[in-house]
Amino acid sequence: MWVYPFGQEINARGEEDYTKCITPVDLRDHYKNYKHSSSNKRVKQVVRRNAKRVRDVVLTSWLPQRMDPHINNKDAKIHLSNAKGADNILYVDFVYTQLIRHTYVLLHSLNVNRRKEKKFNFSKIFRYKYNYKLCEEQQVAKYLDHYNISNNLAGCAHFFVYSWAGERKKKKREAGIEAETDTETETEAGQCENKANFNMCIYLPTEKEVDILFILQKLHKYFYFNFYVPIITEENSLIFFPFDLRNNLLVKHRFGIFVPYLYVHHCTERGTNRSSSLHLNLSPANLVMDTLYNFSFTERENIFFIPLLAYNNYGARVGSGKGYYDRAFKHEGDEEKKNVKVSLSLEVLLYEIDFLEPTDILLDYVVNERGVYHYVS
């Protein structure tokens with residue numbers, strides 16, 4: 001079986017001690033009299049190029065491989081020889097299982113409101129599946145009808161959906177079998193949103209990014225979530241638009257990144273540029289505050305899951321190089337304290353080199369397959 005790395009400590013001390021399973025990284029002395037090096041920009045460019053190559057090798061040559069069923073890794077506390085279906089466990093399944101476990105620990109330690117009747121199973125193996133799918137015409141019509149939007153679209157070749165249940169549960173529904181996790185009604189979903197105590201800003205991942213949607217889908221039964229996703233506007237700023245993970249319709253936007261169709265529809269209805277944010281009221285953290293469709297804004301603390309290419313031991317990250325997140329989070333004073341900044345990644349993309357630039361933000365947490373790291377700066 002697979003044993004969670006901190007399982008014995010958690011079982012012995014109880015759930016209230018999850019925070020002790022997070023590794024603190026005290027950077028206060030490092031940044032006390034910190035001076036940015038003029039070479040950091042060049043160093044970051046080298047790291048970015050290298051990380052892209054490493055990422056591509058990991059995605060194509062490592063993660064798709066089957067794990068040795070007789071592996072006995074003391075560091076990760078993995079014992080597969082007796083696991084059911086051990087011969088078919090891929091490294092990608094191992095990585096996402098670890099990321100899901102560690103993200104659960106992080107959210108629990110941050111006091112994200114929990115569905116208390118659900119107890120997380122640390123011995124469960126999660127089989128990864130890429131759940132973006134082309135949307136069929138009848139699915140588009142059903143989605144638009146849900147939000148009382150006229151179905152005047154010609155075809156649906158450019159519409160996508162993130163499939164909540166995955167292919168196996170979809171087949172069950174087609175056979176008339178309702179999956180347990182799909183029994184939540186629209187009213188109950190709204191009540192769950194109201195029970196959320198954080199606005200959680202995630203991203204809609206590409207195939208080369210950690211699939212945050214898959215991870216949070218698996219954790220949805222344990223926590224109350226209220227999601228927002230990033231959109232790059234024509235003004236080259238980053239805003240966060242409400243998102244329903246269970247009921248979504250997506251289109252390709254700038255740079256080929258998915259955005260909710262509701263955003264495009266809202267811009268069209270207002271007669272504004274589809275990439276403009278001038279018609280939207282934004283919070284200090286750039287979350288849309290307008291009441292749109294069945295979404296309404298509530299002032300809460302924010303948890304941001306920020307994509308990255310690489311990161312280092314000092315809480316700095318390397319992103320796409322366009323600076324959207326860095327500009328979005330350059331707040332001063334108390335507003336900055338309301339934003340918890342988290343990134344999910346792999347240990348192989350950790351660099352032991354300083355590349356922080358004056359415009360860069362620092363992460364609060366990094367989650368990888370080995371654990372959760374809290375950067376205290």
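**Lys 341 and its partner**

I started at Lys 341, which is buried, with a relative accessible area of 4%. I should say at once that this is a predicted model. I then looked for what the Lys 341 side chain meets, and found Asp 364, in a salt bridge at 3.5 Å, N to O. Lys 341 belongs to strand β14 while Asp 364 sits in the loop between β15 and β16, so this pair ties together parts 23 residues apart in sequence.

**Confidence check**

Before going on I checked pLDDT. The protein averages 81, and 77% of the residues score at least 70. I marked residues 170–183, where the pLDDT is below 50; beyond near neighbours in sequence, that stretch has 17 contacts in the model. My reminder to myself: where pLDDT is low, the predicted coordinates should not be read in detail.

**The other salt bridges**

How many salt bridges does the structure hold? I get seven. The reminder here is that side chains of opposite charge can pair when their charged atoms come close.

I looked up Lys 44 next. Its side chain meets that of Glu 357 in a salt bridge of 3.2 Å, N to O. Lys 44 is in helix α3 (residues 40–62) and Glu 357 is in the loop between β15 (350–351) and β16, so the pair ties together parts 313 residues apart in sequence. Buried or exposed, Lys 44 and Glu 357? Both residues are buried. I also noted a network of salt bridges that links Lys 44, Glu 357 and Asp 360.

Helix α3 came up again with Asp 56, whose side chain meets that of Lys 208 in a salt bridge at 3.6 Å, N to O. Lys 208 is in the loop between β6 and α8, and Asp 56 is in α3, so this pair ties together parts 152 residues apart in sequence. I checked exposure for both: Asp 56 is partly exposed at a relative accessible area of 29%, and Lys 208 counts as partly exposed at 46%.

**The eight-stranded sheet**

Back to β14, to see what sheet it belongs to. I traced an open sheet of eight strands, in the order β1-β17-β16-β14-β11-β6-β7-β8, with mixed pairing. Which strands are at the edges? They are β1 (23–26) and β8 (238–243), each pairing on one side only. On average, neighbouring strands of this sheet are turned by 25 degrees against each other, direction ignored.

I followed the β1 edge inwards. β1 pairs with β17 (residues 371–376) in the parallel sense, over four bridges. Thr 23 has Tyr 373 as its bridge partner in β17.

**Helices across the sheet**

Which strands does α4 (residues 91–109) lie across? I list β6 (198–201), β11 (301–305), β14 (339–344), β16 (365–368) and β17, with the helix running at about 150 degrees to β16. I took its span too: 19 residues reach 27 Å from first C-alpha to last, close to the 27 Å expected at 1.5 Å a residue. α4 is mostly covered, with 18 of its 19 residues buried. After α4 comes Asn 111, and I noted its positive phi, near 65 degrees.

Helix α8 (residues 212–219) lies across β6, β7 (227–232), β8, β11 and β14, and runs at about 110 degrees to β14. Seven of the eight residues of α8 are buried, so the helix is largely enclosed by the rest of the structure. I wrote down the buried ones: Ile 212, Leu 213, Phe 214, Ile 215, Leu 216, Gln 217 and Leu 219.

**The three-stranded sheet**

I had met β15 only as a loop boundary, so I looked it up. It belongs to an open sheet of three strands, ordered β13-β12-β15, with mixed pairing. β13 (317–318) and β15 are at the edges with a single partner strand each, so one side of each has no neighbour in the sheet. β12 (residues 310–312) and β13 run antiparallel and are joined by two bridges. Opposite Ala 310 I find Val 318, in β13.

**Whole-protein tallies**

Last, the totals. I have 11 helices and 17 strands on the page. Of the 377 residues, 51% are buried. What share of the contacts with a separation of 6 or more comes from residues 24 or more positions apart? That share is 71%.

Note on methods: Residues numbered from 1 in each chain as written. Predicted model: local features only at pLDDT ≥ 70, side-chain atom pairs only at ≥ 80, totals over all residues. Heavy atoms only, no water. Pairing = 2+ DSSP bridges. Axes fitted to C-alpha atoms, helices over the stretch in contact; angles between N-to-C directions. Contact = heavy atoms within 4.5 Å. Expected span 1.5 Å × (residues − 1). Buried < 20%, exposed > 50% of the residue type's maximum accessible area, 1.4 Å probe, protein only. Salt bridge = Lys/Arg side-chain N within 4 Å of Asp/Glu carboxyl O. pLDDT = per-residue confidence, 0-100.
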